[in-house]
Amino acid sequence: MITFHVEGMRCGRCVARIEQALTALDAQAEVRIDLGAGTVSVRSGRDADALRAVLDGLGYPARRVDTPEAGR
């Protein structure tokens, strides 16, 4: 699971937009979004740079967050 802190997520519409874009990149992606914490976690066959590029391209600047689960 790759986790990002994402700026600018404020509502359910933001969440839906991000989920749609990430699953368009990888239809098998598992996407978890915590609106309150401002994080997006993704389990995908795509690398972190590709996932971050999607988020940045939507206008949600993202930076990777190291988590204990990141190495799994």
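# Reading the sheet and its helices

I2 stands opposite V42 in β3. The model is a predicted one.

User: Which strand holds I2, and is I2 buried or exposed?

Analyst: I2 belongs to strand β1, residues 2-6. Buried means under 20% relative accessible area. I2 has 13% relative accessibility, so I2 counts as buried.

User: What does I2 touch, setting aside residues up to four places away in sequence?

Analyst: The contacts of I2 are V40, S41, V42, R46, D47, A48, L51 and R64. A24 lies 22 residues from I2 in sequence, and their C-alpha atoms are 17 Å apart in space.

User: How do strands of a sheet pair?

Analyst: The general idea comes first. Backbone hydrogen bonds pair the strands of a sheet, in a parallel or an antiparallel sense. Here β1 and β3 run antiparallel, joined by four bridges. T3 has S41 of β3 as its bridge partner.

User: What is the strand order of the open sheet?

Analyst: The order is β2-β3-β1-β4. The sheet has four strands, with antiparallel pairing. β2 and β4 (62-65) are the edge strands, since each pairs on one side only. From one strand to the next, the twist averages 25 degrees.

User: How many bridges link β2 and β3?

Analyst: Five bridges link them, in the antiparallel sense. β2 covers residues 30-34 and β3 covers residues 39-43. V31 faces V42 of β3 across this pairing.

User: What lies between the strands in the hairpin of β2 and β3?

Analyst: Four residues lie between them. In this hairpin, G38 takes a positive phi near 70 degrees. Another glycine with positive phi is G59, just after α2, at about 95 degrees.

User: Where do side chains point along a regular strand?

Analyst: They alternate between the two faces of the sheet. Burial is a separate reading, taken residue by residue.

User: How many of the five residues of β3 are buried?

Analyst: Four of the five are buried, so β3 is largely enclosed by the rest of the structure. T39 is in β3. At 19% relative accessibility, T39 counts as buried. The cut-off matters here: buried means under 20%. Outside four places in sequence, T39 is in contact with T3, F4, M9, R32, I33 and D34.

User: Which strand holds I33, and what is its relative accessible area?

Analyst: I33 sits in β2. Its relative accessible area is 21%, so I33 is partly exposed. Beyond four places in sequence, I33 contacts M9, V15, I18, E19, T39 and V40. E19 is 14 residues from I33 in sequence and 8.3 Å away in space, C-alpha to C-alpha.

User: At what angle do α1 and α2 pack?

Analyst: The angle is about 140 degrees, with the axes 10 Å apart. Angles over 145 degrees count as roughly antiparallel, and 65 to 115 as roughly perpendicular. At its angle, α1 is therefore oblique to α2. The crossing is right-handed. As for extent, α1 covers residues 12-25 and α2 covers residues 48-57.

User: Which residues make the contact of α1 and α2?

Analyst: From α1 come I18, A21, L22 and L25, and from α2 come A50, L51, V54 and L55. The residues of this contact divide into eight nonpolar, no polar and no charged.

User: Which residues of α2 are buried, and what covers them?

Analyst: A48, A50, L51, V54 and L55 are buried in α2. The cover includes β1, α1, β3 and β4. Two of these names appear earlier: A48 and L51 are among the contacts of I2.

User: Which strands does α2 lie across?

Analyst: α2 lies across β1, β3 and β4, and runs at about 25 degrees to β1.

User: To close, how should the sheet pairings be read together?

Analyst: Take β3 as the reference. β3 pairs with β2 over five bridges, and four bridges join β3 to β1. V42 of β3 serves as an example: V31 stands opposite V42, and I2 stands opposite V42 as well.

Conventions: Residues numbered from 1 in each chain as written. Predicted model: local features only at pLDDT ≥ 70, side-chain atom pairs only at ≥ 80, totals over all residues. Heavy atoms only, no water. Pairing = 2+ DSSP bridges. Helix = DSSP H or I, 4+ residues; strand = E, 2+ residues; numbered from the N terminus. Buried < 20%, exposed > 50% of the residue type's maximum accessible area, 1.4 Å probe, protein only. Contact = heavy atoms within 4.5 Å. Axes fitted to C-alpha atoms, helices over the stretch in contact; angles between N-to-C directions. Parallel < 35°, antiparallel > 145°, perpendicular 65-115°, else oblique. Left-handed = near helix turned anticlockwise from the far one by under 90°. Nonpolar A, V, L, I, M, F, W, Y, C, P; charged D, E, K, R; others polar.
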